Amino acid sequence: VSQSRYEVHKTGRIDGSLYQSMGESGASQELIANYTRLFDWTVDFFHLQEGDSFRVVHEEVWIDGRPGPAGQVQAAELRHKGKSYYGFIWKSPDGKTQYYNEKGESMKRRYLKAPLDYTRISSGFAKRRFHPVLRINRPHLGIDYAAPTGTPIRAIGDGTVTEAGYKGGNGNFVRIRHNKTHETGYLHMSRIGKGIRRGARVQQGQVIGYVGSTGLATGPHLCFRFWENGVQVNPARIATPPSDPLPPAERQQFMVQRDGLMALLKED
């Protein structure tokens, strides 16, 4: 079996969805997933606009003259609202692969920007909103993500499940305590994920349930809620610090590698 590896550059403008635009550039589903996972902590994909753009340098593996699975992303740029977000691969001396931005800050953060993929926001956080089922004005203290029934819902951070079950207008509902300050809630699920029960530990990105329309809901969506010190706050305005920074001893080597990858990324 012969195997070859190449560095491949893909770039494009986002017209419609990121998924569609990257697919039109020839990116495989695996590469698109790897790319979006890289920016999961820093960019809210539900707010991408036409005219935003992407660039990615990745490995392409060929086996016996045929394309194989998508290799690792080496460098990536997502330009959104006139600002560029970058991610660069780094292999530490112990062999662990991680990604850092152009400043050497970890791409990984305490919380994901959103609890599910590839959909749209159907209703935002509001102190007063007309409820489509109850037909009255009342606060909407969360963000509604419209998505097909069965779309996987992910925990945005590590934590412990404090509630899991059917709860009146909330439908199938999961609540997670992440630390002394923060909790999150996931409402209207079609079903709760396997093993998700009160007291269960969950990890960031773990599937905890699936989109549905149980409880007071007119159609399939996830209502996502965020508590800070027991008070519901707008999830879109939560800023979280990066995880562990690049070790000082590795910083100079990383910056040299970053410069080379940046040059590759900017090639047309």
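Q: Before we look at the pocket, which residues count as nonpolar, charged or polar here?
A: Ala, Val, Leu, Ile, Met, Phe, Trp, Tyr, Cys and Pro count as nonpolar, Asp, Glu, Lys and Arg as charged, and the others, Gly among them, as polar. Keep in mind that this is a predicted model.

Q: Got it! How many residues of each class are in the lining of the largest pocket?
A: The lining has 17 nonpolar, 7 polar and 8 charged residues. That belongs to a lining of 32 residues.

Q: And which of them lie nearest its centre?
A: Those are W41, T42, V43, Y85 and K113.

Q: What volume does the largest pocket have?
A: Its volume is about 690 Å³.

Q: Which strand gives the largest share of the lining?
A: β4 does, with 4 residues. At least two lining residues each come from β4 (83-91), β9 and β17.

Q: Switching topic: how many residues does the largest nonpolar core have?
A: There are 27, and the ones with the most contacts inside the core are Y145, V174, I176, Y186, I208 and L222. Two or more core residues come from each of β9 (143-146), β12 (172-177), β13 (182-189) and β17 (221-228). The largest share, 3 residues, is from β17.

Q: What does L222 touch?
A: Leaving out residues up to four places away in sequence, L222 touches P115, L116, I143, D144, Y145, I153, Y186, L187 and V211.

Q: What other core lies apart from that one?
A: Another core, of 18 residues, lies apart from the largest one, and its members include M22, A27, L38 and V56.

Key
Residues are numbered from 1 along each chain as its sequence is written. This is a predicted model: local features need pLDDT of at least 70, side-chain atom pairs count only at pLDDT 80 or more; totals for chains, interfaces and linings use all residues. Side-chain values use heavy atoms; hydrogens and water are left out. A nonpolar core is a set of buried Ala, Val, Leu, Ile, Met, Phe, Trp, Tyr and Cys residues joined through side-chain atoms within 4.5 Å. Buried means under 20% relative accessible area, exposed over 50%, partly exposed in between (1.4 Å probe, protein chains only). Contact means heavy atoms within 4.5 Å. On a 1 Å grid over the protein atoms alone, a cavity is a set of points where a 1.4 Å probe fits but cannot get out, and a pocket is an open set with protein on both sides within 12 Å along at least five of seven lines; lining residues have an atom within 4 Å of a point. Grid points are joined across faces, edges and corners, and a volume is the space filled by probe spheres set on the points.
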